[in-house]
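Good morning, everyone, and thank you for making the time. I would like to walk you through one structure, beginning with a single strand and ending with the place where two chains meet.

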Amino acid sequence: MQNKKKILIVDDIEINRVILSEIFKEDYEILEAADGRQALEMIGDDQNISAVLLDLLMPEMNGLEVLREMNRQGKTEMMPVFLITAADSEQMLLEGYHLGAVDVIRKPFLAHFLKCRISNVIELYGHRNELERIVEEQVDRLSNLNRSLVETLATVIEFRDGESGEHVKRISSLTKILMGQVSKMYQEYRMSKEEIDKIAMSSILHDVGKVSTPDQILNKPGKLTKEEFEIMKQHTVKGCEILCKIPHIMEKGLYDYSYDICRHHHERWDGRGYPDGLSGDDISIWAQVVSVADVYDALTSERVYKKAFSHEKAVQMITNGECGTFNPKVLEAFGACIEKIERKSRKNKET
Amino acid sequence: MGVFMGLLEELRELGVNTDEGVQRLMGNASLYERMLGTFTKLMNETSIEIEEFDRDDCTELIEKTHALKGASGNLSVTPVYDAYTEIVNLLRRGNPGEAKALFEKVLPIQTEIVQCIERHK
């Protein structure tokens with residue numbers, strides 16, 4: 001009994017419920033509701049309802065109102081809804097179809113015919129839901145694989161440079177917060193949550209090119225000479241060269257973000273950054289966001305060549321242009337989520 | 001006649017398509033008889049007064065006649081179903097006068113069917 005699929009019959013007339021119940025009880029577990037409100041309660045979060053047979057004319061809450069609510073909650077995508085009608089208003093039926101009903105059952109019922117039609121649709125939905133589940137599972141698996149690969153690359157940096165190892169992980173969470181804020185505040189930079197997640201994951205690789213920077217430069221306690229700085233700057237381009245060699249191991253979107261961030265996270269809004277000297281919105285918004293997150297984390301962390309600045313001092317240095325010029329909108333968003341960034345940064349450093 | 005006849009036989013005499021009704025319940029005749037009991041309950045509960053056809057607002061009347069049409073149709077109580085199908089159509093088309101006349105015409109048949117079912121309870 002517990003393995004049987006469920007059918008929910010919604011009709012205010014008991015006779016109609018009993019007849020439908022009789023038709024389907026052999027193959028399905030039957031749920032009955034005498035009005036729309038009761039039906040919605042029964043549907044709730046029940047994932048095992050295979051179909052809803054819904055009367056249109058009912059007191060309290062009619063069939064269309066139930067359907068509208070199911071549609072709003074995305075339920076009509078998951079379970080087929082059949083409208084029960086005595087061939088009433090064409091307009092109502094049309095609205096029902098628009099709201100996601102799959103078919104119409106006309107009264108009086110024709111048992112065998114009805115059984116075949118409904119069972120066929122339930123079977124189709126079952127196959128479709130199963131396929132969607134498999135695809136979702138595979139996408140998840142692929143996404144986890146991507147994450148592992150990205151994290152493996154980040155660990156390579158950790159071996160070379162203890163600072164960067166922790167730094168890259170912090171950058172990811174700061175990027176996520178700041179990118180989310182920029183997206184929320186500015187229509188032109190709006191992005192979906194999924195894309196923001198990809199950008200945050202890609203930001204982990206922004207310094208991957210540092211594996212090619214010589215130890216004596218990477219870990220030099222004092223200020224770099226002009227020549228040394230030129231070599232240091234090469235990590236942006238070298239990072240892209242590394243990524244170019246492994247495009248097939250990453251999902252396309254993730255690869256594109258990683259490549260762009262790797263190359264352009266040291267560009268500046270006024271064109272005085274490197275390696276390409278891009279300016280303004282020629283620099284992608286995600287590279288701009290990672291730049292701010294990168295500078296903030298570098299300032300608030302201890303390095304072989306400097307002590308850590310306080311959060312307040314770092315914010316001051318970023319906003320007054322001491323670390324180069326940033327997009328005013330990104331700075332505005334940075335200001336709006338500064339407390340969240342500070343909390344997250346402190347927590348990351350503690351752990 | 002009814003005393004010595006079974007319920008379904010007697011209803012058949014009154015124009016009820018009992019074979020179709022039983023078939024609709026997957027051939028379960030005893031369930032059909034039980035449902036006929038529920039049908040009489042519904043008929044008695046859904047009392048329609050003749051004056052209701054004279055009201056300006058027929059919304060409630062349409063709902064009631066519609067419910068009776070659905071239930072009688074599903075049990076193949078054909079004379080009642082045919083009459084209420086037409087009554088609902090007439091009311092929807094804004095013709096309560098003709099609907100009232102039809103209601104008065106079906107009332108004795110309807111009563112006879114309900115009484116027949118109740119006699120066999």
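Before we look at the strand, one term is needed: a residue is called buried here if 20 or more other C-beta atoms lie within 10 Å of its own. Please also keep in mind that this is a predicted model, with an ipTM of 0.76 and a pTM of 0.57, and that the mean pLDDT of chain B is 90, with 97% of its residues at 70 or more.

With that said, let us turn to strand β4 of chain A, residues 81–85, where five of the five residues are buried. A:V81, A:L83 and A:T85 point to one side of β4(A), whereas A:F82 and A:I84 point the other way, and the residues on both sides are buried.

Which strands pair with β4(A)? Strand β3 of chain A, residues 49–55, runs parallel to β4(A) and is joined to it by four bridges, and here A:L83 is the bridge partner of A:L54. Strand β5 of chain A, residues 103–106, also pairs with β4(A) in the parallel sense, again over four bridges, and in this pairing A:T85 stands opposite A:R106.

Let me now move to the contact between the chains, which takes 14 residues from chain A and 20 residues from chain B. On the chain B side, the elements that give two or more residues are α2 (18–24), α3 (29–45) and α4 (59–74), and of these α4(B) gives the most, with eight residues. By character, that side of chain B divides into nine nonpolar, eight polar and three charged residues.

Note on methods:
Residues are numbered from 1 along each chain as its sequence is written. Chains are lettered from A and ligands numbered from 1 in the order in which they are written. This is a predicted model: local features need pLDDT of at least 70, side-chain atom pairs count only at pLDDT 80 or more; totals for chains, interfaces and linings use all residues. pLDDT is the predictor's confidence in each residue, from 0 to 100. A residue is buried if 20 or more other C-beta atoms lie within 10 Å of its own, exposed if 12 or fewer, and partly exposed in between; C-beta atoms are placed from the backbone. Two strands pair if DSSP finds at least two bridges between them. Two residues are in contact if their C-beta atoms, placed from the backbone, lie within 7 Å. Ala, Val, Leu, Ile, Met, Phe, Trp, Tyr, Cys and Pro count as nonpolar, Asp, Glu, Lys and Arg as charged, and the others, Gly among them, as polar.
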